[in-house]
Each structure stands twice: as structure tokens, then as C-alpha cells.
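Please guide me through the features of a protein structure that I have not seen before. I should like to learn how each feature is read.

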Amino acid sequence: MDVSIIPIGNSKGIRLSKTLLEKYNITDKVELILEKGYIILKPKSEPRAGWDKAFEKMHENGDDTPLINDIFEDETLEEWI
């Protein structure tokens with residue numbers, strides 16, 4: 001596939017079609033890899049994207065309660081005072 005280099009301000013860049021963006025799930029960022037004479041663009045995703053909404057939903061469903069108590073019955077906190 002041939003693409004043209006286009007001016008973008010004082011720099012130059014390439015324009016990716018909507019089809020390519022959707023097919024490879026490219027949203028805001030890509031990782032640029034330089035390897036043996038090639039330039040590789042790899043979709044970049046945020047590893048924790050969407051966690052905030054998932055945690056909110058867990059809280060709404062009551063799924064965010066601890067599975068075990070933070071303090072055990074036989075535990076004393078005197079050593080920390």
C-alpha cells in the first residue's frame with residue numbers, strides 16, 4: 001500500500017484511512033518501532049484503560065467488599081503504637 005507524506009505544521013506525517021484504524025484498533029497512540037530498515041506502527045493500548053468504570057460498576061453491584069477481614073480477631077496492634 002502506498003501512502004503519501006503530507007505536511008503537518010512544521011513536520012510531515014502520513015494519513016491512515018478509517019478502515020485501517022478500525023481494522024487494527026488504532027485509537028489515540030501507536031508505538032513506533034524501527035527495525036532493520038523498516039518502520040513498524042503498532043497499536044498502543046493503555047493497560048489499565050477502563051478500570052475506573054469497572055471499579056465503579058463493582059461498587060454499584062456490591063462486588064468490592066473484602067473477601068477476608070483486614071484485622072484478624074487474635075491480632076494485636078500494640079506493636080504498631
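The dialogue below goes through strands, surface, rings, charges and backbone angles.

Q: What kind of model is shown here?

A: The model is a predicted one.

Q: In which sense do strand 1 and strand 2 pair, and over how many bridges?

A: Strand 1 covers residues 5–8 and strand 2 covers residues 11–14; the two pair in the antiparallel sense, over 4 bridges. Individual partners can be named as well. Ile8 stands opposite Ser11 in strand 2, and Ile6 has Gly13 of strand 2 as its bridge partner. The two strands form a hairpin with 2 residues between them. Gly9, in the turn of this hairpin, has a positive phi of about 65 degrees.

Q: How many bridges join strand 3 and strand 4?

A: Strand 3 and strand 4 are joined by 7 bridges, again in the antiparallel sense. In this pairing Leu34 stands opposite Ile39 of strand 4. The hairpin of strand 3 and strand 4 has 2 residues between the strands.

Q: How far apart are Ile40 and Val30 in sequence and in space?

A: Ile40 and Val30 are separated by 10 residues in sequence, and their C-alpha atoms lie 9.4 Å apart in space. Ile40 is part of strand 4. With a relative accessibility of 34%, Ile40 counts as partly exposed, because that class lies between the limits of 20% and 50%.

Q: Which residues make the nonpolar surface patch?

A: The patch is made by Met1, Val3, Ile5, Ile14, Val30, Leu32, Leu34, Ile39 and Leu41, and its area is about 930 Å². Two elements give two or more residues to the patch: strand 3 (29–35) and strand 4 (38–44). Strand 3 gives the most, with 3 residues.

Q: Is Ile39, one of the patch residues, buried or exposed?

A: Ile39 belongs to strand 4. Its relative accessibility is 62%, so Ile39 counts as exposed, the limit being over 50%.

Q: What describes a pair of aromatic rings?

A: Such a pair is described by the distance of the centres and the angle of the planes. In this structure the count comes to 1 aromatic pair. Trp51 and Phe55 form that pair, with 6.0 Å from centre to centre and 80 degrees between the planes. The arrangement is edge-to-face, because the angle between the planes is over 60 degrees.

Q: Where do Trp51 and Phe55 lie?

A: Both Trp51 and Phe55 lie in helix 2, which covers residues 51–61. They are 4 residues apart, about one turn of the helix. Trp51 is partly exposed, at a relative accessible area of 43%, and Phe55 is also partly exposed, at 48%.

Q: What sits over the ring of Trp51?

A: The charged end of Arg48 sits over this ring, 5.6 Å from the ring centre.

Q: When can side chains of opposite charge pair?

A: They can pair when their charged atoms come close. The structure holds 1 salt bridge. It joins Glu22 to Lys18, with the closest N and O atoms 3.9 Å apart. This distance satisfies the limit for a salt bridge, because the atoms must be within 4 Å. Glu22 and Lys18 are both in helix 1, 4 residues apart, about one turn of the helix. Both residues are exposed.

Q: Which sign of phi do most residues other than glycine have?

A: Most residues other than glycine have a negative phi. Asn25 has a positive value, near 55 degrees, and is a residue other than glycine. Asn25 is found in the loop between helix 1 (18–23) and strand 3. At 60% relative accessibility, Asn25 counts as exposed.

Q: What is the phi of Lys36, and where is this residue placed?

A: Lys36 is not a glycine, yet its phi is positive, at about 45 degrees. Its place is in the loop between strand 3 and strand 4, and this positive phi thus falls within the hairpin of those two strands. Lys36 is exposed, with a relative accessible area of 79%.

How values were computed. Residues numbered from 1 in each chain as written. Predicted model: local features only at pLDDT ≥ 70, side-chain atom pairs only at ≥ 80, totals over all residues. Heavy atoms only, no water. Patch = residues over 30% accessible without salt bridge, like charges linked within 9 Å, V, L, I, M, F, W, Y side chains within 5 Å. Areas by Shrake-Rupley, 256 points an atom, 1.4 Å probe, with all protein chains shown as cover. Salt bridge = Lys/Arg side-chain N within 4 Å of Asp/Glu carboxyl O. Buried < 20%, exposed > 50% of the residue type's maximum accessible area, 1.4 Å probe, protein only. Phe/Tyr/Trp six-rings, centres within 6.5 Å; stacked < 30°, edge-to-face > 60°. Lys NZ or Arg CZ within 6 Å of the ring centre and 35° of its normal. Pairing = 2+ DSSP bridges.
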